[in-house]
Amino acid sequence: MPAHTAPSPLTARASGPLAGTAEVPGDKSVSHRALILGALAVGTTRISGLLEGQDVLDTAAAMRAFGAGVERTGPGAWEVAGVGVGGFAEPQDVIDCGNSGTGVRLIMGAMATTPITATFTGDASLRRRPMGRVTEPLALFGARAWGRAGGRLPMTVAGAAEPVPVRYALPVASAQVKSAVLLAGLNAPGETVVIEPEATRDHTERMLAGFGATLRVEEGPGGRAIVLSGQPELRPQRVAVPRDPSSAAFPVAAALMVPGSAVRVPGVSRNPTRDGFYVTLLEMGADLVFENPREEGGEPVADLVARHTGGLRGVEVPPGRAASMIDEYPVLAALAAFAEGPTAMRGIRELRVKESDRIDAMARGLEACGVRLQEGEDSLTVHGAGPGGVAGGAAVAVRLDHRIAMAFLCLGLAARAAVTVDDAGPIATSFPGFLPLMRGLGAAIGP
Ligand code: S3P
């Protein structure tokens with residue numbers, strides 16, 4: 001992220017029906033992984049549909065700094081000339097991962113078993129987020145890390161010269177931590193095992209297998225064990241990045257808020273480790289139809305049509321669903337304000353260590369918009385007042401968090417009075433075309 005750009009406020013006003021096709025960008029998680037695994041393969045990986053958001057661009061720059069050749073050959077089309085597992089060069093300067101927790105944590109893992117030293121930093125949001133959750137398992141491989149108090153960036157990681165394989169049970173349900181350990185395990189001899197108590201997004205496992213690594217998954221009483229054989233030669237791939245279901249969530253939620261809307265989102269990933277939001281919407285009574293199911297880039301995808309029919313019901317979102325919709329809670333909280341009755345979201349403590357403390361950011365913003373709610377340490381209950389029941393008329397602090405900005409801009413389209421977000425800049429980290437896309441559907445969003 002450009003660090004010192006002036007904040008750019010944006011206002012969403014009550015809109016007529018949203019209609020049309022929302023071509024959301026490539027999946028952020030898959031995009032980071034395609035660049036990193038491409039950099040660790042021997043030969044040239046060709047990526048299409050890469051998300052060209054700032055988070056991913058920062059990972060592309062980092063892969064260059066570690067010695068890979070990374071070139072943009074067209075819109076969303078990128079080539080990565082990999083250096084092979086264990087082939088990373090020592091970067092000559094600090095690696096700035098901007099706003100991206102995924103970027104920094106995965107890259108730390110990818111370099112942790114190579115005998116080089118790298119220093120990582122990021123924007124004010126990323127510098128507040130905990131890195132101990134990755135440096136602790138990376139230390140088991142023999143890597144060392146020095147950061148600020150609480151395991152905060154800037155942080156220097158010295159990769160292990162003689163890495164040993166690791167068996168690690170995740171203490172939090174985190175795909176970033178799982179992926180950091182697996183990427184580190186690539187350059188350790190023998191088998192590295194990660195055990196996750198509940199399933200988190202599995203893009204790293206899918207893509208590692210696609211690049212030719214040997215890994216197997218064993219379901220056991222302690223959860224799901226992923227067993228990776230170290231020191232493979234990764235073969236370059238063609239990666240077609242599916243569209244991001246987390247970005248699709250915004251035009252879909254907006255369509256469900258604004259009466260008369262019907263929006264089509266083609267080619268959305270239906271990976272079951274990512275679909276909790278859509279499961280929840282169906283439970284709320286939303287009119288969603290998934291058409292033309294197929295496989296693209298190793299991921300199940302479908303065309304999604306969302307229609308406003310009104311009459312959404314508040315629901316209980318169980319803790320066990322949190323991992324599969326972790327990034328969608330902000331926009332679900334906004335949508336829940338238009339449902340009939342309470343929507344209780346439980347087991348969501350992890351939201352407190354995202355780009356912002358998302359429980360607090362949503363609670364304060366919704367209260368300012370006249371929504372009743374209860375906030376717990378790891379829960380949020382939003383009392384929906386039905387269609388037309390949200391006052392709006394507030395200015396909301398985005399706190400360097402793209403998803404807080406987009407959630408409140410969606411809410412403003414159906415609230416009685418306009419909603420302003422204090423800084424729309426962070427939206428470019430994950431969804432650079434959000435504003436023209438939403439305007440193209442008929443959303444009244446502007447200065
Ligand atoms: C991601 C994992 C999730 C998610 C993030 C992307 C990934 O974070 O919130 O946006 O690509 O692995 P955690 O692993 O910290 O839950």
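**Sheets, a pocket and two cavities**

Trainee: Over how many bridges do E16 and strand E17 pair?
Mentor: This is a predicted model, and in it E17 covers residues 299–307. One facing couple in this pairing is valine 289, which stands opposite valine 305 in E17. The two strands pair in the antiparallel sense, and the count of bridges is 8.

Trainee: What are the edge strands of the open sheet that has the order E2-E15-E17-E16?
Mentor: That open sheet has 4 strands with mixed pairing, in the order E2-E15-E17-E16. An edge strand here pairs on one side only, and this holds for strand E2 (19–21) and strand E16 (287–296). From one strand to the next, the twist averages 15 degrees. The edge strands are E2 and E16.

Trainee: In the other open sheet, why is one side of E10 and of E12 left without a neighbour?
Mentor: Strands of a sheet pair through backbone hydrogen bonds, either parallel or antiparallel. In this sheet, 4 strands follow the order E10-E11-E13-E12, and the pairing is mixed. E10 (167–169) and E12 (215–220) stand at the edges, so one side of each has no neighbour in the sheet: each has a single partner strand.

Trainee: Which residue in E13 does valine 194 stand opposite?
Mentor: Begin with the two strands: E11 (residues 191–196) and E13 (residues 223–229) run antiparallel and are joined by 6 bridges. Within E13, the residue opposite valine 194 is isoleucine 226.

Trainee: Let's turn to the open spaces. Which residues are the closest to the centre of the largest pocket?
Mentor: The largest pocket has a volume of about 620 Å³. Its lining counts 39 residues, and the ones closest to the centre are Ala173, Ser174, Ile326, Glu350 and Lys354.

Trainee: Which helix gives the largest share of the lining of the largest pocket?
Mentor: Helix H1 (28–40), helix H3 (101–111) and helix H5 (175–185) each supply at least two residues of this lining. The lining also draws at least three residues from each of domain 1 (10–26 + 242–446) and domain 2 (28–232). The largest share, 4 residues, comes from H1.

Trainee: By class, how many residues of that lining are charged?
Mentor: Sort the residues of the largest pocket's lining into three groups. There are 11 nonpolar and 10 polar residues, and the number of charged ones is 18.

Trainee: How many charged residues does the lining of the largest cavity have?
Mentor: About 40 Å³ of space lies in this cavity. Its lining includes Leu40, Val85, Thr113 and Asn187. With 5 nonpolar and 4 polar residues, the number of charged ones is zero, or simply no charged.

Trainee: And how many residues lining the second largest cavity are nonpolar?
Mentor: The space in the second largest cavity is about 30 Å³. Helix H9 (329–336) and helix H10 (358–368) each supply at least two residues of its lining, and among the lining residues are Tyr329, Met345, Arg358 and Leu380. The lining has no polar residues and 1 charged, while the nonpolar ones number 9.

Trainee: Last one: which residues of helix H6 are buried?
Mentor: Buried here means under 20% relative accessible area. H6 takes in residues 203–210 and is followed by glycine 212, whose phi is positive, near 100 degrees. The buried residues in H6 are His203, Thr204, Glu205, Met207 and Leu208.

Definitions and conventions: Residues are numbered from 1 along each chain as its sequence is written. This is a predicted model: local features need pLDDT of at least 70, side-chain atom pairs count only at pLDDT 80 or more; totals for chains, interfaces and linings use all residues. Side-chain values use heavy atoms; hydrogens and water are left out. On a 1 Å grid over the protein atoms alone, a cavity is a set of points where a 1.4 Å probe fits but cannot get out, and a pocket is an open set with protein on both sides within 12 Å along at least five of seven lines; lining residues have an atom within 4 Å of a point. Grid points are joined across faces, edges and corners, and a volume is the space filled by probe spheres set on the points. Ala, Val, Leu, Ile, Met, Phe, Trp, Tyr, Cys and Pro count as nonpolar, Asp, Glu, Lys and Arg as charged, and the others, Gly among them, as polar. Domain bounds come from an automatic or database domain assignment. Buried means under 20% relative accessible area, exposed over 50%, partly exposed in between (1.4 Å probe, protein chains only). Two strands pair if DSSP finds at least two bridges between them. Axes are lines fitted to C-alpha atoms, for helices over the stretch in contact, and angles run from 0 to 180 degrees between N-to-C directions.
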